[in-house]
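Here are a few exercises to work through with the model open beside you. Try each task before reading its solution.

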Amino acid sequence: MWAELLPVGRSAASGGYRRFAWNAADAECRAWFEQQARDRGLAYELDRNGNQWAWLGDPEAGGAVVTGSHLDSVPDGGAFDGPLGVVSSFAALDELRSRKAEFSRPLAIVNFGDEEGARFGVACIGSRLTTGVLGREAAYELRDADGVRLPDAMERAGQDPTALGADRERLARIGAFVELHVEQGRHLAEHQPVGVASAIWPHGRWRFDFHGEANHAGTTRIEDRRDPMLTYATTVLAARKKARLAGALATFGKVAVEPNGTNAIASLVRGWLDSRAADEPTLTALVAEIERAAAERGERDGVRVELTRESYTPVVDFDGPLRDRLAAVLGGAPVLPTGAGHDAGILASAVPTAMLFVRNPSGVSHSPAEHAETADCLAGVAALADVLEDLACQ
């Protein structure tokens with residue numbers, strides 16, 4: 001399974017992946033998922049929000065144990081973030097069948113759509129729509145860099161967008177959701193190959209619009225310029241400094257410039273801030289300080305600054321009893337928090353949810369260098385199988 005997925009959506013230039021929502025690579029990944037389901041005799045289902053499901057047992061019976069992750073990527077992302085959880089879910093089912101496990105509850109494997117938000121700017125679109133965190137009207141307004149609306153992209157890919165929205169009936173079927181994911185950090189590097197998540201830091205995405213004045217780079221005096229690039233650059237440095245002082249994280253990883261000419265002073269710079277912290281008051285204060293620094297510098301530069309919050313996820317504490325049960329099943333596995341967002345974090349508001357992490361020796365993620373050792377991945381499959389057996393075969 002791993003070998004089949006490796007070439008899909010991979011850039012020959014960077015070695016990273018470009019599996020964006022509703023593009024050709026995404027379609028190929030979706031076809032792979034459907035085939036894996038059918039090869040195992042599972043009931044395949046595509047829900048109203050574009051998420052894929054593979055069912056063992058009667059979905060209507062209720063109390064289902066669900067596992068899975070996502071198959072899309074960030075721009076030039078790694079091979080493990082997302083796909084490891086989906087591949088491991090199918091492999092864990094194979095392992096349980098080899099043990100001749102007898103299921104007492106329905107089991108499902110899911111591939112959530114557009115988890116990374118690389119195309120439309122909002123992370124976890126599939127799970128946000130399912131839980132109602134993202135409404136249909138707001139989803140219809142999402143556009144990619146080329147101006148293509150989300151519903152139009154879905155329709156072109158063969159998905160009916162008219163039914164987008166909260167799926168309470170589906171959520172009511174689920175008794176527990178467990179997502180396996182490569183660790184995006186190095187906490188497990190000196191511990192066991194598999195850990196259990198305790199919580200997800202609150203995090204969000206904010207768009208800063210720096211409005212200046214376009215002009216000639218070769219004839220406009222320095223003192224006559226209203227250059228938004230200066231304000232943007234100062235804001236990036238301020239974000240780094242203030243995040244370090246707060247013990248938090250702040251990253252400007254995406255920027256768009258107009259008119260984007262080498263010999264032209266920009267009229268507009270848009271910078272997207274990703275910020276995360278251990279608690280919500282710290283995160284709120286940090287973003288406010290970055291906004292204040294941007295405004296103060298903008299006043300000096302003659303630049304108007306606007307801030308728009310594009311997405312926000314509050315702190316997620318995973319279900320305590322379920323978390324402790326998983327750690328016990330795995331013989332006292334390490335329990336650790338994470339700063340990365342996941343579909344599990346979105347579902348946690350609606351169903352009992354837990355996560356397993358597989359050791360990442362370098363801690364690198366969202367990069368072609370992302371890696372996990374084969375032995376650790378196999379340990380992750382065994383751990384997931386043990387957990388699913390405990391939850392679904394009692």
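**Exercise 1. Determine the handedness and the angle class of the crossing of helix 3 and helix 12.**

Step 1: helix 3 and helix 12 cross in the right-handed sense (the near helix is turned clockwise from the far one; anticlockwise by less than a right angle would be left-handed). This is a predicted model, in which local features need pLDDT of at least 70 and side-chain atom pairs count only at pLDDT 80 or more, while totals for chains, interfaces and linings use all residues. Residues are numbered from 1 along each chain as its sequence is written, and side-chain values use heavy atoms, with hydrogens and water left out.

Step 2: the axes of helix 3 (residues 83-98) and helix 12 (residues 374-392) come within 8 Å and cross at roughly 60°. Axes are lines fitted to C-alpha atoms, for helices over the stretch in contact, and angles run from 0 to 180 degrees between N-to-C directions. Helices (H or I, at least four residues) and strands (E, at least two) are DSSP runs numbered from the N terminus.

Step 3: that angle makes helix 3 oblique to helix 12 (under 35 degrees is roughly parallel, over 145 roughly antiparallel, 65 to 115 roughly perpendicular, and the rest oblique).

Step 4: on helix 3 the contact (heavy atoms within 4.5 Å) involves Leu84, Ser88, Ser89, Ala91, Ala92, Glu95 and Leu96, and on helix 12 Cys377, Val381, Leu384, Ala385, Leu388 and Glu389. These residues divide into nine nonpolar, two polar and two charged (Ala, Val, Leu, Ile, Met, Phe, Trp, Tyr, Cys and Pro count as nonpolar, Asp, Glu, Lys and Arg as charged, and the others, Gly among them, as polar).

**Exercise 2. Classify the packing of helix 8 and helix 9.**

Step 1: helix 8 (residues 228-246) and helix 9 (residues 280-301) pack at about 150°, with axes 9 Å apart. That makes helix 8 roughly antiparallel to helix 9.

Step 2: the crossing here is right-handed. Residues in contact include Thr234 and Ala238 of helix 8, and Ile290 and Ala293 of helix 9. By class, the contact has nine nonpolar, five polar and four charged residues.

**Exercise 3. Find the edge strands of the open sheet with order 9-11-7-12.**

Step 1: four strands form this sheet, with antiparallel pairing (two strands pair if DSSP finds at least two bridges between them).

Step 2: strand 9 (249-258) and strand 12 (304-313) each have a single partner strand, so they stand at the edges with one side lacking a neighbour in the sheet. The twist averages 20° from one strand to the next.

Step 3: nine bridges join strand 9 to strand 11 (residues 268-276) in the antiparallel sense, and valine 257 stands opposite valine 269. Helix 8 packs on the sheet, touching strand 7 (203-211), strand 9, strand 11 and strand 12, and its direction makes about 170° with that of strand 9.

**Exercise 4. Decide whether proline 259 is buried or exposed.**

Step 1: proline 259 is in the loop between strand 9 and strand 10 (264-265).

Step 2: its relative accessibility is 53%, so proline 259 counts as exposed (buried is under 20% relative accessible area, exposed over 50%, partly exposed in between, with a 1.4 Å probe and protein chains only).

**Exercise 5. Explain why strand 5 is described as largely enclosed.**

Step 1: eight of the nine residues of strand 5 (residues 174-182) are buried, so the rest of the structure largely encloses strand 5.

Step 2: strand 5 pairs in the parallel sense with strand 3 (residues 64-70) over four bridges, and six bridges join strand 5 to strand 15 (residues 353-358), also parallel.
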